[in-house]
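Visitor: I am new to this structure and would like a close look at a single part of it. Please start with one residue and work outward from there.

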Amino acid sequence: QTCALPILPLVHIELIEGRSEEQLKNLVKDVTDAVTKNTGAPAEHVHVVLSEMKKNRYSVAGVLKSEEK
């Protein structure tokens, strides 16, 4: 059985909230351009998912990012 959907590049980026809408727009544009350039996939097949986390939901070395100075 074959899948009717095209094989697509899917890029999932997790980051801490706080970037502007303009920064996020530039990020997804640059990522899409890089994937297109390096895989040959057309831009309309490149999917980018941004997941923003609150600072109190992410830690490094046991310290929440919200507690950093």
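Guide: Thr-32 counts as buried, because its relative accessibility is 15% and the cut-off for buried is under 20%. This is a predicted model, and every value given here is computed from it. Thr-32 has its place in helix H1, which spans residues 21-39. Leaving out residues up to four places away in sequence, Thr-32 touches Ala-43, Val-46 and Val-48.

For orientation, here is the chain around that residue. The chain has one helix and four strands, and along the sequence they follow the pattern β-α-β-β-β. Of the 69 residues in the chain, 16% are buried, and Thr-32 is counted as buried. Among contacts between residues at least 6 apart in sequence, 60% join residues at least 24 apart. The chain exposes about 5600 Å², and carbon and sulfur atoms supply 52% of that area.

Next to Thr-32 in the sequence is Asp-33, which forms a salt bridge with Lys-29. The closest N and O atoms of this pair are 2.8 Å apart. Both Lys-29 and Asp-33 lie in helix H1, four residues apart, which is about one turn of the helix. Unlike the buried Thr-32, Asp-33 is partly exposed, with a relative accessible area of 37%. Lys-29 is also partly exposed, and its value is 47%. A search of the whole structure finds two salt bridges. The other one joins the side chains of Lys-65 and Glu-68, at 3.2 Å from N to O. Lys-65 counts as partly exposed at 23% relative accessibility, and Glu-68 is partly exposed as well, with a relative accessible area of 42%.

Val-46, one of the residues that Thr-32 touches, is also in contact with Pro-9. Pro-9 lies in the segment before E1. Pro-9 counts as buried because its relative accessibility is 19%, and buried means under 20%. Besides Val-46, and leaving aside neighbours within four places in sequence, Pro-9 is in contact with Val-35, Thr-39, Ala-41, His-45 and His-47. Pro-9 can also be placed relative to Pro-42: they are 33 residues apart in sequence, and their C-alpha atoms are 9.6 Å apart in space.

His-47, which is in contact with Pro-9, has its place in strand E2, made of residues 47-53. His-47 is partly exposed, with a relative accessible area of 37%. Its contacts, apart from neighbours within four places in sequence, are Leu-8, Pro-9, Leu-10 and Val-11. The C-alpha atom of His-47 is separated by 9.0 Å from that of Val-28, 19 residues away along the chain.

Two of the residues that His-47 contacts, Leu-8 and Leu-10, take part in a surface patch. Together with Val-49 they make a nonpolar patch of about 250 Å². Leu-8 is found in the segment before E1, as is Pro-9. Leu-8 counts as partly exposed at 36% relative accessibility, whereas Pro-9 counts as buried at 19%.

There is a charged patch too. Glu-17, Glu-21, Glu-22 and Glu-52 form a negative surface patch. Glu-17 lies in the loop between strand E1, residues 10-16, and helix H1. Glu-17 is partly exposed, with a relative accessible area of 37%.

One further residue deserves a mention for its backbone. Ala-61 is not a glycine, yet it has a positive phi of about 55°. Ala-61 is found in the loop between strand E3, residues 59-60, and strand E4, residues 63-64. It counts as exposed because its relative accessibility is 80% and the cut-off for exposed is over 50%.

To return to the starting point: Thr-32 is a buried residue in helix H1, and it touches Ala-43, Val-46 and Val-48. Through Val-46, the path described here led to Pro-9, and from Pro-9 to His-47 in strand E2.

Note on methods. Residues are numbered from 1 along each chain as its sequence is written. This is a predicted model: local features need pLDDT of at least 70, side-chain atom pairs count only at pLDDT 80 or more; totals for chains, interfaces and linings use all residues. Side-chain values use heavy atoms; hydrogens and water are left out. Patches are made of residues with over 30% relative accessible area and no salt bridge: like charges are joined within 9 Å, nonpolar side chains (Val, Leu, Ile, Met, Phe, Trp, Tyr) within 5 Å. Accessible areas come from the Shrake-Rupley method with a 1.4 Å probe; for residues, only the protein chains shown count as cover. A salt bridge is a side-chain nitrogen of Lys or Arg within 4 Å of a carboxyl oxygen of Asp or Glu. Lys and Arg count as positive and Asp and Glu as negative; His and the chain ends are not counted. The place of a charge is taken as NZ of Lys, CZ of Arg, CG of Asp or CD of Glu. Helices (H or I, at least four residues) and strands (E, at least two) are DSSP runs, numbered from the N terminus. Buried means under 20% relative accessible area, exposed over 50%, partly exposed in between (1.4 Å probe, protein chains only). Contact means heavy atoms within 4.5 Å.
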